[in-house]
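Here are a few short exercises to work through with the model open beside you. Try each task before you read its solution.

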Amino acid sequence: MTRDPLDTESPPAPAHEPLPDRGLLLRTLRPIVPVLSPHAVVRDLTAAYLWGVDLTGPEEHITRSPPRVALPPGTPLRGLPVAVRREVVPAADRVVVEGIPVTSAARTAAEVTARAPSVPMATARIDAFLSRGLAAPERVLGYRHLFTEAHFRRLRTAVGYASPLSRSPAESWLRAVILQAGLPPPQAQCPVRVHHRTLHADLGWPRYRLAVEYDSLLHHSGPRMERRDRARYTLMRAADWQVVPVTIHMLQCHAPKLLTRIRDELAARGWECPHGERERIRRRIRGFERRPPRLR
């Protein structure tokens, strides 16, 4: 994550800009939802967008897909272009957002997380809600009754991996993959004391003075950003921290190699685990050779 080399004493608060198509989405929904049924409720990815969480893919636009709506069984569609899930949403799980009935933030977070295609993606989804202060983990886990055992297991795992300090989906993916491998839990926005100031690594293990920094093409391209990153890494290494830069290509295509390096760096800096546990971690890392992390 890009920051000025003169960082702060505490992790910088995330800046959540208004989503670009939110107004258009509201204008699209207002004439549709009331016609469907008095009990119609916007849900899933459409509801998430109204809550300020964009879960669409890189080539997708929220307004170009049918809105996702919950309707009671037997309610006619009236020819309207919506993606329907047949269910009655209780009044306690409904909130009116600028005139539109929407599933509550906690229920929306639970649904999109439980039904995410992978644990890393599920972790990024719950992180997005937590970082905005929209939902508490215990509230999200209270929706056990909505899901199959497999879906709830994914939800529970993602909540266990979650951090409100995550600043991007990629940071969440990286943390989830590290935890799936069985490595020690890293600290999000890890403080790194450098001279008389504090930098913050995306992930880190203070006890072992190891930091992992995610380098995105969006925020780390160009000579100026590369110089800034090099300056940060130099300061960290001068303070006896090791820094492992990570790109999306490394995480998606070379996860075993990346995880092996992190494991070996931890071991070189004093991390110890029993032989049986180390063998289990080795098998989990090798498992990513057969099934690379799904991030899209």
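**Exercise 1. The second largest pocket**

Which element gives the largest share of the lining of the second largest pocket?

*Solution.* Keep in mind that this is a predicted model. Start with the pocket itself, which has a volume of about 400 Å³. Among its 14 lining residues, those closest to the centre are Gln180, Gly287, Phe288, Arg291 and Pro292. Next, look for elements that contribute two or more residues: these are α5 and α13 (275-290). Of the lining, α13 supplies the largest share, with four residues. Finally, sort the lining by character: six residues are nonpolar, three polar and five charged.

**Exercise 2. Helix α5**

Work out whether the span of α5 fits its residue count, then look at its burial and its ends.

*Solution.* At 1.5 Å a residue, 13 residues should span 18 Å, and the end C-alpha atoms of α5 are 18 Å apart, so the two agree. Now check burial, where the cut-off is under 20% relative accessible area. In α5, 13 of the 13 residues are buried, so the rest of the structure largely encloses this helix. At the start of α5, a side-chain oxygen of serine 118 comes within 3.3 Å of the backbone nitrogen of methionine 121. After the helix comes glycine 133, with a positive phi near 70°.

**Exercise 3. Helix α7**

Find the buried residues of α7 and what covers them.

*Solution.* First locate α7 at residues 149-161. Its buried residues are Phe152, Leu155, Ala158, Val159 and Tyr161. A reminder helps here: an α-helix has 3.6 residues a turn, so residues three or four places apart point the same way. The cover over the buried residues of α7 includes α4 (105-114), α5 (119-131), α6 (137-141) and α8 (169-180).

Terms used
Residues numbered from 1 in each chain as written. Predicted model: local features only at pLDDT ≥ 70, side-chain atom pairs only at ≥ 80, totals over all residues. Heavy atoms only, no water. Expected span 1.5 Å × (residues − 1). Buried < 20%, exposed > 50% of the residue type's maximum accessible area, 1.4 Å probe, protein only. Contact = heavy atoms within 4.5 Å. 1 Å grid on protein atoms, 1.4 Å probe; cavity = no way out; pocket = protein on both sides within 12 Å on 5 of 7 lines; lining within 4 Å. Points joined across faces, edges and corners; volume = space filled by probe spheres on them. Nonpolar A, V, L, I, M, F, W, Y, C, P; charged D, E, K, R; others polar. Polar contact = N/O pair within 3.5 Å; in protein donor to acceptor, adjacent residues only side chain to side chain.
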